[in-house]
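Open the model in your viewer and show it as a cartoon. Keep the selection tool at hand.

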Amino acid sequence: MAQFTSPEFPHSFSEPFEITSPASGEYNCIAWALLDLTHFIWPLRQRGFYWPKGLPMKETRSAFVDLFAKHGYKICDNGNLEKGFLKLALFEKDGIPTHAARQLPYGKWTSKIGAHFDVSHSLKAMAGGRYGEVALFFKKPV
């Protein structure tokens with residue numbers, strides 16, 4: 001697998017991302033985290049964006065909590081690997097949601113970088129850069 005580093009993710013130089021797919025504009029990080037490869041999920045009323053009916057059309061933490069709850073996720077305390085659960089991490093920058101990552105079965109995380117490629121990574125590699133920091137963790141039984 002090819003590695004990826006970027007000044008937009010300062011910790012990626014010490015913990016590089018592993019590119020796991022070619023670039024695609026068909027879905028974004030939220031969709032990737034939710035295992036949906038058919039939508040660009042974001043609370044915007046613009047062509048090309050999808051947001052489930054009945055959820056608040058706002059870029060707020062509570063709107064994303066509602067989105068993840070609709071998919072069976074509940075807020076949890078941490079991103080530690082837990083047998084029998086699928087976990088998500090919601091990132092925020094300046095109090096605004098920016099990104100989501102999904103935990104892989106062996107403990108690393110996977111993300112979609114905008115309209116680019118999917119990567120596997122540690123939470124540290126993603127933190128402190130373009131997407132800010134992890135604000136909340138979620139889990140659901142598998």
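Start with the sheet of this predicted model. Eight strands form an open sheet in the order 1-2-7-6-5-4-8-3, paired antiparallel. Which strands stand at the edges? Select residues 3-4 for strand 1 and 74-76 for strand 3. Each has a single partner strand, so one side of each is left without a neighbour in the sheet.

Next, select residues 109-112 and 118-121. These are strand 6 and strand 7, an antiparallel pair joined over four bridges. Show Thr110 there: Ser120 of strand 7 stands opposite.

Now add helix 2, residues 61-70. Helix 2 packs on the sheet. Colour what helix 2 touches: strand 3, strand 4 (85-93), strand 5 (96-103) and strand 8 (133-141). Look along strand 8; its direction and that of helix 2 make about 20°.

Then go to Trp51. Trp51 sits in the loop that runs between helix 1 (29-33) and helix 2. Is the Trp51 side buried or exposed? Trp51 counts as buried because its relative accessibility is 7%, under the 20% cut-off.

Show the surroundings of Trp51 as sticks. Beyond neighbours within four places in sequence, Trp51 contacts Ile41, Trp42, Pro43, Pro56, Met57, Ala63, Phe64 and Leu67. Zoom in on Pro56: its backbone oxygen is 2.9 Å from a polar atom of the Trp51 side chain.

Finish with a distance. Pick the C-alpha atoms of Trp51 and Asp94: they are 22 Å apart in space, with the two positions 43 residues apart in sequence numbering.

Technical notes. Residues numbered from 1 in each chain as written. Predicted model: local features only at pLDDT ≥ 70, side-chain atom pairs only at ≥ 80, totals over all residues. Heavy atoms only, no water. Helix = DSSP H or I, 4+ residues; strand = E, 2+ residues; numbered from the N terminus. Buried < 20%, exposed > 50% of the residue type's maximum accessible area, 1.4 Å probe, protein only. Contact = heavy atoms within 4.5 Å. Polar contact = N/O pair within 3.5 Å; in protein donor to acceptor, adjacent residues only side chain to side chain. Pairing = 2+ DSSP bridges. Axes fitted to C-alpha atoms, helices over the stretch in contact; angles between N-to-C directions.
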